[in-house]
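Work through the exercises below with the coordinates open. Each task is followed by a stepwise solution.

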Amino acid sequence: MKKLLVLSLAMCLALCAIVGGVTMAADAQTVAAEQALDIQARSALLMDYDTGTVVYAKNEKVRAPIASMVKIMTLLLTMEEIDQGKLTVEDTVTVSENAASMGGSQAFLDAGSVYTVNELIKSIVVGSANDSCVALAEHIAGSVESFVARMNERAAALGMQDTYFVNCTGLPAGEQYCCAFDAALMLRELIGHERFFEYSKIWMFDFAHPGGRVTQLSNTNKLIRAYEGCDGGKTGFTNEAKFCLAATAKRGNTRLISVVCGAESAKVRNAQNAALFNYGFANYQTKQVVTAGVPLQERYAVQGGKEEFIMAAPASDRFVFAKKGEEKEVTYRVDMLSLRAPVQKGDVVGVLTVLSGEEKLCEVSLVSDRTVEKSTYLDLVDRFIEAW
């Protein structure tokens, strides 16, 4: 069953949607952005979080070391382990000699001591602790090598075609590389885990060791204090990679991801990320066009059920991202499945497509707002009597 619905402004599915730049080619966007930006770094990228639209790109596919931004993938795998119930933040980890021996930025873990997963994650997000990365990798996968294999598998699944991991820390390794575009892809996936922001907004904390010793760690991403709306990211620095930062900031409905790789100093790196954010927030905006859980106005028939109808609601929010001032009316098309009882609450019953003219902007599954059991003989009798 297909219907083309032009929904009223009163509906909770937001009608006022921006469209103009949604399907603009990335190259055209880059040309426009380059006229306003002069990014002083080896490579850079600005991406919309909700749609993945690339607003600006400079050498975004160039393969190079990204230093501690590698930890974005380490954190992503850890968050996914927690979401899958294979790991909890209360779990304890015994630190190996190998983990405790890591150089560079670290939490100065004691070999043989026990720490919680929560403490280790916090030290990675805030202090970029290499030793905590290795401790978690060994705990999750049994060895760093097995964990790194998982990192590369996950990178391939995300479409990170210009990435190869050798370790879970970002410490110098000859064969390890990534690019600005791939760094944005994995940060986009990581910040989909709300738990990440519980750590990324922390400015400074005392990391307490089992023996009573304390290591003070401060956030390496200074933009969380220096830039309005910035609430997370991951820095990186080695002599080869130079200064790198993948960060995210949100203002209103618009969340952006900026990546700068290979800047000459931390100051330049931070300024270039801020410049990317400034350009994005000044020229683009995000509007919500679908609201999760809000039923459509129509009722949809169910054959052979105790109830004759259900209502359908979007399973998740949907957004449209485009240049400011380029607003057009959108329409909605509902494609429903043929429904026969039993139907469970939350079952997918159709698809809602958001259109601008003939152009499809996005789509979302529609789910049943209720459970409808299969009707019995007595139900049919009762229905007949009521109709009589």
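**Exercise 1. Backbone outliers in one loop**

Ala67 is found in the loop between E3 and H2. This is a predicted model. Find the sign of phi at Ala67, and decide whether Ala67 is buried or exposed.

Solution.
- Step 1: Ala67 has a positive phi of about 55°, although it is not a glycine.
- Step 2: Most residues other than glycine have a negative phi.
- Step 3: The relative accessibility of Ala67 is 2%, so Ala67 counts as buried.
- Step 4: Asn59 lies in the loop between E3 and H2. Asn59 is not a glycine either, and its phi is positive, about 50°.
- Step 5: Asn59 has 40% relative accessibility, so it counts as partly exposed.

**Exercise 2. A peptide bond to check**

Determine whether the peptide bond from Ala341 to Pro342 is cis or trans, and locate Pro342.

Solution.
- Step 1: Omega is near 5° for the bond from Ala341 to Pro342. That bond is cis.
- Step 2: Most peptide bonds are trans.
- Step 3: Pro342 sits in the loop between strand E15 (331-336) and strand E16 (348-356).

**Exercise 3. Cysteine pairs**

Count the disulfides, using a sulfur-sulfur cut-off of 2.5 Å.

Solution.
- Step 1: Take Cys133. Its nearest cysteine sulfur is that of Cys168, 5.4 Å away. Cys133 is in no disulfide.
- Step 2: Take Cys261. The closest cysteine sulfur is in Cys244, at 4.7 Å, which is too far for a bond.
- Step 3: The count comes to zero disulfides.
- Step 4: Check burial. Cys133 is at 0% relative accessibility and counts as buried. Cys261, at 1%, also counts as buried.

**Exercise 4. The largest nonpolar core**

Which residues touch the most other members of the largest nonpolar core, and which helix gives the largest share?

Solution.
- Step 1: The largest nonpolar core holds 71 residues. Met73 and Val259 touch the most other members.
- Step 2: Helix H7 (residues 180-190) supplies the largest share of this core, eight residues.
- Step 3: List the contacts of Met73, leaving aside neighbours within four places in sequence. They are Met151, Arg154, Ala155, Leu158, Met160, Phe165 and Met186.
- Step 4: Another core, of 25 residues, lies apart from the largest one. Among its members are Ala44, Leu223, Tyr227 and Leu276.

**Exercise 5. Packing of H2 against H7**

Classify the packing of helix H2 (residues 71-83) and H7 by axis distance, angle and handedness.

Solution.
- Step 1: The axes of H2 and H7 are 9 Å apart, at an angle of about 30°.
- Step 2: Angles under 35 degrees count as roughly parallel. H2 and H7 are therefore roughly parallel to each other.
- Step 3: The crossing of H2 and H7 is left-handed.
- Step 4: Name the contact residues. H2 contributes Ile72, Met73, Leu75, Leu76 and Met79. H7 contributes Ala183, Met186, Leu187, Glu189 and Leu190.

**Exercise 6. How enclosed is H7?**

How many residues of H7 are buried, and what covers them?

Solution.
- Step 1: Nine of the eleven residues of H7 are buried, so H7 is largely enclosed by the rest of the structure.
- Step 2: The buried residues are Ala180, Phe181, Asp182, Ala183, Ala184, Leu185, Met186, Leu187 and Leu190.
- Step 3: The cover includes H2 and helix H8 (195-200). It also includes strands E2 (43-48), E3 (54-58), E9 (242-251) and E10 (254-263).

**Exercise 7. Two polar side chains**

Decide whether His209 and Asn270 are buried or exposed, and list what each touches beyond four places in sequence.

Solution.
- Step 1: His209 is in the loop between strand E6 (204-208) and strand E7 (214-218). At 5% relative accessibility, His209 counts as buried.
- Step 2: His209 touches Ala107, Phe108, Leu109, Asp110, Tyr115, Val214 and Thr215.
- Step 3: Asn270 is in helix H10 (residues 266-283). Its relative accessible area is 15%, so Asn270 is buried.
- Step 4: Asn270 touches Lys222, Leu223 and Leu245.

**Exercise 8. Whole-chain totals**

What percentage of the chain's residues is buried, and how many helices and strands are there?

Solution.
- Step 1: The chain has 388 residues, and buried residues make up 53% of them.
- Step 2: There are eleven helices and 17 strands.
- Step 3: Consider contacts with a separation of 6 or more. Residues 24 or more positions apart account for 65% of them.

How values were computed. Residues are numbered from 1 along each chain as its sequence is written. This is a predicted model: local features need pLDDT of at least 70, side-chain atom pairs count only at pLDDT 80 or more; totals for chains, interfaces and linings use all residues. Side-chain values use heavy atoms; hydrogens and water are left out. Buried means under 20% relative accessible area, exposed over 50%, partly exposed in between (1.4 Å probe, protein chains only). A nonpolar core is a set of buried Ala, Val, Leu, Ile, Met, Phe, Trp, Tyr and Cys residues joined through side-chain atoms within 4.5 Å. Helices (H or I, at least four residues) and strands (E, at least two) are DSSP runs, numbered from the N terminus. Contact means heavy atoms within 4.5 Å. Axes are lines fitted to C-alpha atoms, for helices over the stretch in contact, and angles run from 0 to 180 degrees between N-to-C directions. Angles under 35 degrees count as roughly parallel, over 145 as roughly antiparallel, 65 to 115 as roughly perpendicular and the rest as oblique. A crossing is left-handed if the near helix is turned anticlockwise from the far one by less than a right angle, and right-handed if clockwise.
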